[in-house]
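Colleague: I'm new to this structure and would like a close look at one part of it. Please start from a loop that interests you and follow the packing outward from there.

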Amino acid sequence: MNKNDILTIYGSNPTKMTKALLQSIDFALLIPNKKASIALKPNLVVAVTADSGATTHPEIAIAIIEHLQALGYMNISIVESAWIGDSTKEGFRINGYNQISDRFSVPLIDVKDDEYVKKTVGKVTMEVSKTILEADFLISLPVLKGHCQTSMTCALKNMKGCISDRSKRLFHTLGLHNPIATLNAVRCADLIIVDSLNGDLDFEEGGNPVETHRMFATTDSVLCDSYGSSLMGFELRDIPYIGFAEDLGVGSADLSKANVIQLNEPSDEEPAKPSGRVSYLAKHTEPISACSACYGNLIHALKRLDEVDRLDSVSVPICIGQGYKGIDDPTKVGVGICTKGLGKSLAGCPPKAIDMIAFLKKLNP
Ligand code: SF4
């Protein structure tokens, strides 16, 4: 797997999707020493299950452990800490990690109980988990989702679960962006497998999941977040920590050099009926058999337009989905290659949210 590769896969079965991604990764090259200590870092920021859109689907961790153990890697641990005020152990418990630990003999490390090593980059001094610093290989399993302070969270911000609660407080007083970048300059993931199945629309604690039925993998945390931000409809300037991390040499944000390898076609399973904060955005859509990746990207695009008071300019419902294949209607507007027969249509299968935003803005400049 090259540094600029991004493997993507669509579907709704995290076990099968993770296995397919793992089959495309040469672990003998990535981790030559079978005795290497390998840390898995899921996102269990709050003690809720993955259907909330906040936490990593545990099936992903299980599939990785099974794959690695079958290859002879036996020194694996699961490392995480919940945000301040929530219990990591409760997050482990309700997501079935205690059973995973017993079944595969994989220890669970609560970073809140770990020893810390002080690290300083620039003007930021932080206490970083000793287990994470000593791990030979770190596999991050972030959820791609919204965040109320940094707009988005994925690989770079997932590392915040690897520091002490005291350092988390410090990060907040420093505005998050710069310290997140510096933390990744101290230690970033060696491999990132992103759970983008149903990440939350705008809050890291979940509650408004948007089904996109997608996962992707890369070895570059900066590229990972740059790609993730485009899927959610953000410009790089909207997420300053990505650029800061690039400046510190953590990786490259340049998507023009990314090699996106799509392992299958988007799933044609209908997404769940939008609820909560997602439903008001859905009123601007006219889906017929829309793939969830496509539809989820449209929901994120509409959310970004709403944030800059441009949602009202979407004056007609946006057509989307495989049901528009073969339909010629000059009066309608659609996104995705399936709507190419409509009066105005955005190509792509699925188009990214960021491209949808540019297209929708041009409808009513
Ligand atoms: S363009 Fe059509 S086939 Fe492609 S993801 Fe969108 S709905 Fe699915």
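**From a cis proline into the packing**

Modeller: P350 sits in the loop that joins β16 to α14; helices (H or I, at least four residues) and strands (E, at least two) are DSSP runs, numbered from the N terminus. Residue numbers run from 1 along each chain as its sequence is written, and since this is a predicted model, local features need pLDDT of at least 70 and side-chain atom pairs count only at pLDDT 80 or more, while totals for chains, interfaces and linings use all residues. Side-chain values rest on heavy atoms, with hydrogens and water left out.

The peptide bond from C349 to P350 is cis, and its omega is near -5°. Going on from this loop, we come to α14. In this helix A353, I354, M356, I357, F359, L360 and L363 are buried, where buried means under 20% relative accessible area, exposed over 50% and partly exposed in between (1.4 Å probe, protein chains only). A general point helps here: an α-helix has 3.6 residues a turn, so residues three or four places apart point the same way. The cover over the buried residues of α14 includes the helices α10 and α13 and the strands β14 (318-320), β15 (329-335) and β16 (342-346).

Let's take α13 from that list. Two packed helices are described by the angle between their axes and the distance between the axes. Here α13 (residues 292-307) and α14 (residues 353-363) meet at about 55°, with axes 8 Å apart. These axes are lines fitted to C-alpha atoms, for helices over the stretch in contact, and the angles run from 0 to 180 degrees between N-to-C directions. The two helices are therefore oblique to each other: angles under 35 degrees count as roughly parallel, over 145 as roughly antiparallel, 65 to 115 as roughly perpendicular and the rest as oblique. The crossing of α13 with α14 is right-handed, which is the case when the near helix is turned clockwise from the far one by less than a right angle, and left-handed when anticlockwise.

On the α13 side the contact (heavy atoms within 4.5 Å) is made by C294, N297, L298, H300, A301, L302, R304 and L305, and on the α14 side by A353, M356, I357, L360 and K361. Sorted by class, that gives nine nonpolar, two polar and two charged residues; Ala, Val, Leu, Ile, Met, Phe, Trp, Tyr, Cys and Pro count as nonpolar, Asp, Glu, Lys and Arg as charged, and the others, Gly among them, as polar.

Now for α10, another helix that covers α14. Its axis comes within 10 Å of that of α11, and the two cross at roughly 155°. That makes α10 roughly antiparallel to α11, and their crossing is left-handed. Here V222, D225, S226 and S229 of α10 meet Y241, I242, A245 and E246 of α11. This contact has four nonpolar, two polar and two charged residues.

I242 also leads us inward. It is one of the residues that touch the most other members of the largest nonpolar core, which has 41 residues; the others are L144, M152, L156 and F216. Such a core is a set of buried Ala, Val, Leu, Ile, Met, Phe, Trp, Tyr and Cys residues joined through side-chain atoms within 4.5 Å. Among the elements that each supply at least two residues are α10 (221-231) and α11 (240-247), and α10 gives the most, with five.
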